[in-house]
Structure formats: C-alpha cells, structure tokens
Amino acid sequence: MPGPSENENRAASPVERVLERSLVDESALGKPLSHRAATTQRSVEAYLKSGVKPRWMERVVEVDQGIAAERRRLERAYRALLAEYGRDRAAFARRWRELARTWRFPPELNALIEQHNEWYPVERRLPMNPRTGDYVPVGGRSYRRPVLGPEWVLEQFPAAPPARG
C-alpha cells in the first residue's frame, strides 16, 4: 500500500484553508439551482452577449439610419432640381444623372454596409435555403443593404421624373 502523498503530509497554508472553506458548503446541501440556471450555457461568449446588444443589431440600425439620412439629402436635392428645371425634363435628366454620378456618400457608411452584408447572416445564424443556396429572408426581405452609389441614386430617384398632374 503506497504511503500518503507529499501534499497530504504538508499542512495547508492559511490562504488555502480560507479558500477551502469558501468552496465547501458547511451544510453539505446548498441551494438548488433553478431550471434556467441549470440549463443556461456557461461560456465567455454567452457572458459577453448578455451585457450589451449584439453587434449585428447595432450595425443594422446604424446602416438603416445612414441610408435614410442619405435618402433625405438626395430627396431635397431632387426636389430643388425639379423646381429649378421646371418643365425642361431633358435638362433635368441630364443634370440629375450628372449629380448622381458625382454624389459623395460617406465612405464609412458604405464600409459599414459591406461589413453588414458580409457578417449579418453569420452573426445572426440565418438558415440557408437549400434550393437557392442563399440565406432565408428576414421579415420577408433580404438582409442585404445596397452599397450606395450612382445606380442606387437613380433607382431611388429616377432621372425621368413622374409627370405632374
């Protein structure tokens, strides 16, 4: 029969005794865990997620607000140009296409949109549609947001304005 180990022969230090007492329930019973506490995943990721909104949620709000702000800026310019050119639709169309081509969007907004389009489905853990090989729509629409550029401007505000009635 082997003898006692070296650790059993050595006396516990005062710090070890305090730690040992703090880890042991004197009654040997303890308080039972709630069902939620017993089934909740314990991980660093879960802990960090619990304290703040997920980044995908913050990002989608920033992206949507940024797109809405740019849309309002463009709408003001569109209306002003319509008022300036009045009935001269050809001149309006030429000037609007030129303006759309040279319109400056905040580069950080387009970078955020690209980041959203790349990471949102992964962070949100969206399921794939096996028929299309694409992620399923969220709330009936694609999760993707358009990168802002001349094509987007002309899609939102056509160079051929609607006929006035």
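Start by selecting α5, residues 55–85, in this predicted model. Colour its buried residues: Trp-56, Arg-59, Val-60, Val-63, Gly-66, Ile-67, Glu-70, Leu-74, Ala-77, Tyr-78, Leu-81 and Leu-82. As you follow them along the helix, keep the geometry in mind: an α-helix has 3.6 residues a turn, so residues three or four places apart point the same way.

What lies over that buried set? The covering elements include α6, α7 and α8, so switch those on as well. Before moving away, put a distance between the end C-alpha atoms of α5. You should find 45 Å, and this agrees with the expected span because 31 residues at 1.5 Å a residue should also give 45 Å. Then step just past the helix to Gly-86, where phi is positive, near 55 degrees.

**Into the core**

Next, select Leu-74, Trp-96, Phe-105, Leu-148, Trp-152 and Val-153. Within the largest nonpolar core, which has 22 residues, these touch the most other members. Four helices each supply at least two residues of this core: α5, α6 (89–102), α7 (107–124) and α8 (150–156). Which of them gives the most? That is α5, your starting point, with seven residues.

Stay a moment with Trp-152 and show its surroundings. Leaving out residues up to four places away in sequence, Trp-152 touches Ile-67, Arg-71 and Leu-74, along with Phe-105, Pro-146 and Val-147. Two of the names you coloured at the beginning, Ile-67 and Leu-74, turn up again here.

**Along α7**

Now select α7, residues 107–124. Its 18 residues reach 25 Å from first C-alpha to last, close to the 26 Å expected at 1.5 Å a residue. Look for the bend at Glu-118: the helix turns there by about 40 degrees, and Pro-121 follows within four residues.

Which residues of α7 are buried? Colour Leu-109, Asn-110, Leu-112, Ile-113, His-116, Asn-117, Tyr-120 and Pro-121. The proline that follows the bend is therefore also one of the buried residues, under 20% relative accessible area. As for what they pack against, show α5 and β2 (134–135). Just beyond the end of α7, click on Arg-125, which takes a positive phi of about 55 degrees.

**Last stop: Glu-108**

Is Glu-108, in helix α7, buried or exposed? Glu-108 is exposed because its relative accessible area is 56%, and the cut-off for exposed is over 50%. Finally, draw a C-alpha to C-alpha line from Glu-108 to Gly-66: the two are 42 residues apart in sequence and 9.9 Å apart in space. Gly-66 takes you back to the buried residues of α5.

Methods: Residues are numbered from 1 along each chain as its sequence is written. This is a predicted model: local features need pLDDT of at least 70, side-chain atom pairs count only at pLDDT 80 or more; totals for chains, interfaces and linings use all residues. Side-chain values use heavy atoms; hydrogens and water are left out. A nonpolar core is a set of buried Ala, Val, Leu, Ile, Met, Phe, Trp, Tyr and Cys residues joined through side-chain atoms within 4.5 Å. Buried means under 20% relative accessible area, exposed over 50%, partly exposed in between (1.4 Å probe, protein chains only). Contact means heavy atoms within 4.5 Å. The expected span of a helix is 1.5 Å times one less than its number of residues. The bend at a residue is the angle between axes fitted to the seven residues ending there and the seven starting there.
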